[in-house]
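User: I should like to learn how helix packing, cavities and unusual backbone geometry are read from a model. Could we work through one structure together?

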Amino acid sequence: MAASSKPTEESSYSPSLLPYDALRNHQDFDLMISDTKFSAETRTELYDRGLKSRRYALVGVACSSIFSCLCIVVGIVTLAQHGVSGVTMINMSPIYSLDQFEVDIGSRTQVEILALTLNTIVMLCTESIGFVHGISLRSALASESRLRFNTNLRLLTAARGWCNPNGVLLNGISAVLLILSYSSASLVACLDLQITSGAFEGIAIAGLPLIILGVVLLLQVMIALSGMRAVKILTWSSSPFDLTATLVHHTQLTPATLRCMRPASDLDTYGPAKPSEIQPSAWHAHPSIRKVVISLWAIVAACAGWAALVMYIWDKSPSLKVYSPHALTLQTWSFFSNWMNNQLNFIFYNMPGVNIGTWILLFVNVAVIQGPLTLGLHCSELIANAIRDERQWRYATGRKGLRTATNPVKAIFIHPICLVLFAAKPFLHWMFGLSLATSAIAYDEKLIELSVIMCTAQIWNLCIALFIFSCFFTFVALRRPRGPQPAAYGHVQTLANLVDEWSPVMWWGHKEDGIPYCHAGTSDHPLPDVKMDCVYAGSGARSLVPLS
């Protein structure tokens with residue numbers, strides 16, 4: 001499907017370049033629309049409906065539903081047998097003295113491994129659910145003519161209508177549920193000491209946090225599926241090219257003229273342009289990316305402030321030094337909590353008993369502190385996906401060309417930034433669990449103590465990890481692509497302006513000489529490089545110049 005380059009509207013013209021009224025005729029505009037519709041109707045194979053992506057997504061949602069139901073069933077059985085303070089033993093090993101229970105590093109390591117595993121499972125579930133939710137939100141925004149980029153801040157962007165499954169209310173609820181998913185995962189695993197049937201210790205799972213984990217995941221599944229049913233999804237593909245071709249095909253997007261050399265950052269600039277040797281960064285092209293980068297550094301600063309506050313409270317509280325006698329030094333610094341040698345700098349507070357009120361208070365404590373981290377990592381998806389979309393677009397000047405179809409699972413592993421984010425989500429949430437540790441001690445499958453422990457070294461470790469993460473994402477957001485190919489970052493209008501011939505494999509480059517303007521665009525075969533000293537406007541620019 002070739003997008004026509006005849007003028008679309010009066011606002012597309014620069015008065016300095018086109019000072020004549022004869023160019024503004026509605027006949028040319030009608031002809032362009034007619035050509036576009038004709039191409040769309042005869043070339044329906046030019047965009048992928050993403051049925052394979054849909055299958056992957058629905059399988060992921062089904063697995064998430066099964067896992068959530070399993071958590072609910074196991075949690076209910078635990079509560080039915082042992083009450084609100086009950087736990088279910090997973091494995092046990094004999095001990096030879098009760099004092100060994102206090103310092104056994106093996107069991108505590110197993111608890112941390114279980115916590116990391118749960119965080120990874122939660123990440124996989126929420127990513128599958130989030131993909132469905134993101135696709136339905138994207139379709140809802142497109143139907144309202146409000147879709148600007150292929151990727152949006154899923155939980156912070158909403159369709160119109162409070163009752164809309166993709167609206168503000170349910171998006172806000174989804175954000176809270178996402179935070180509670182990771183908070184619950186950090187509270188499930190605990191240690192259990194068996195003393196009535198012999199001296200045994202082992203890993204146990206708490207019933208109530210497990211139920212909460214299952215319920216919040218199931219609610220997210222329901223919201224995502226309701227959003228999917230509430231809107232007509234034209235394509236499930238995560239490719240910005242499939243999305244753009246779909247919108248053009250269904251006349252929800254019209255290519256603009258005179259913009260074949262304009263990047264996404266030049267939305268307010270009209271008319272022909274010369275090629276540029278370096279392109280704007282994602283920071284300048286996508287307004288929301290600036291907010292995400294700033295929020296990441298705010299989280300780093302907050303984490304550093306949290307660590308400094310813990311150190312100050314420990315220094316000013318002599319009673320805490322009875323349990324934590326060692327100051328934070330290089331000798332007492334460690335990645336894991338060094339409970340074995342009691343060389344750990346921390347502060348703590350005990351929860352009042354083990355009941356429903358205590359669990360609610362504990363969940364609120366953890367969720368409030370963990371919330372910024374969860375939302376910050378969620379917002380980082382915007383940077384990762386925008387860079388992924390731009391990298392895919394820049395293949396159009398390579399030897400093999402641009403393949404418009406994408407595999408959402410494969411994309412995670414072939415794009416380094418997506419792989420970094422994929423690994424960072426469970427790992428940073430797990431590191432948070434090391435920093436804000438919950439001491440849940442059970443005897444004979446009954447919790448007898450719930451304490452919140454803030455470990456200074458582990459908070460600083462988390463701060464350092466977040467600093468490295470923020471540096472990496474700031475670098476990729478500020479990095480400017482090289483070459484004359486205009487940067488789009490998944491901006492659908494820009495892609496519609498730059499792609500004038502759609503095919504499964506495309507190349508971008510110089511297509512046509514002209515006086516005074518040349519034309520650059522796409523083709524199904526390799527094209528020569530654009531001429532850096534020429535001015536480019538579009539294939540229809542010559543028809544806009546009056547004959548002398």
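Analyst: We may begin with the term on which the first reading rests: a helix axis is a line fitted to C-alpha atoms over the stretch in contact, and angles run from 0 to 180 degrees between N-to-C directions. Please keep in mind that this is a predicted model.

User: At what angle do the axes of H5 and H11 cross?

Analyst: Two packed helices are described by the angle between their axes and the distance between the axes. In this model, the axes of H5 and H11 cross at roughly 115° and come within 8 Å. The crossing of H5 and H11 is right-handed.

User: Which residues of H5 and H11 meet?

Analyst: On the H5 side they are Ala-175, Leu-178, Ile-179, Leu-180, Tyr-182, Ser-183, Ser-184, Ser-186 and Leu-187. Their partners in H11 are Leu-362, Phe-363, Val-366, Ala-367, Gln-370, Gly-371, Thr-374, Leu-375 and His-378. Sorted by character, the contact of H5 with H11 holds eleven nonpolar residues, seven polar and no charged.

User: How do H5 and H6 cross, left-handed or right-handed, and at what angle?

Analyst: Helix H5 spans residues 168-188 and helix H6 residues 207-230; their axes come within 8 Å and cross at roughly 150°. Angles over 145 degrees count as roughly antiparallel, and H5 and H6 are therefore roughly antiparallel to each other. Their crossing is left-handed. Among the contact residues are Leu-170, Ile-173 and Leu-177 of H5, with Leu-213, Val-216 and Gln-220 of H6. The contact of H5 with H6 divides into 15 nonpolar residues, four polar and no charged.

User: How far apart are the axes of H13 and H14?

Analyst: The axes of H13 and H14 (residues 456-478) are 9 Å apart, and the two helices pack at an angle of about 160°. That angle makes H13 roughly antiparallel to H14. The crossing of H13 and H14 is left-handed. The contact includes Val-420, Leu-428 and Phe-432 of H13, and Leu-462, Phe-469 and Phe-473 of H14. Its residues comprise 16 nonpolar, three polar and no charged.

User: Let us turn to cavities. How many cavities of 30 Å³ or more are there, and what lines the second largest?

Analyst: A cavity is a set of grid points where a 1.4 Å probe fits but cannot get out. The count comes to five cavities of 30 Å³ or more, and the second largest holds about 90 Å³ of space. Its lining consists of Thr-126, Glu-127, Arg-154, Leu-178, Tyr-182, Thr-374, Leu-377, His-378, Glu-381, Lys-425 and His-429. Helices H4 (105-143), H5, H11 (356-394) and H13 (416-435) each give two or more residues to this lining. The largest share, four residues, comes from H11. By character, the lining has three nonpolar, four polar and four charged residues.

User: Finally, which peptide bond is cis, and where is Thr-251 placed?

Analyst: Most residues other than glycine have a negative phi, and most peptide bonds are trans. Here the peptide bond from Ile-515 to Pro-516 is cis, with omega near 5°. Pro-516 lies in the loop between strand E8 (505-512) and strand E9 (519-523). Thr-251, although not a glycine, has a positive phi of about 55°. Thr-251 is placed in the loop between helix H7 (240-249) and helix H8 (282-285).

Note on methods: Residues numbered from 1 in each chain as written. Predicted model: local features only at pLDDT ≥ 70, side-chain atom pairs only at ≥ 80, totals over all residues. Heavy atoms only, no water. Parallel < 35°, antiparallel > 145°, perpendicular 65-115°, else oblique. Left-handed = near helix turned anticlockwise from the far one by under 90°. Contact = heavy atoms within 4.5 Å. Nonpolar A, V, L, I, M, F, W, Y, C, P; charged D, E, K, R; others polar. 1 Å grid on protein atoms, 1.4 Å probe; cavity = no way out; pocket = protein on both sides within 12 Å on 5 of 7 lines; lining within 4 Å. Points joined across faces, edges and corners; volume = space filled by probe spheres on them.
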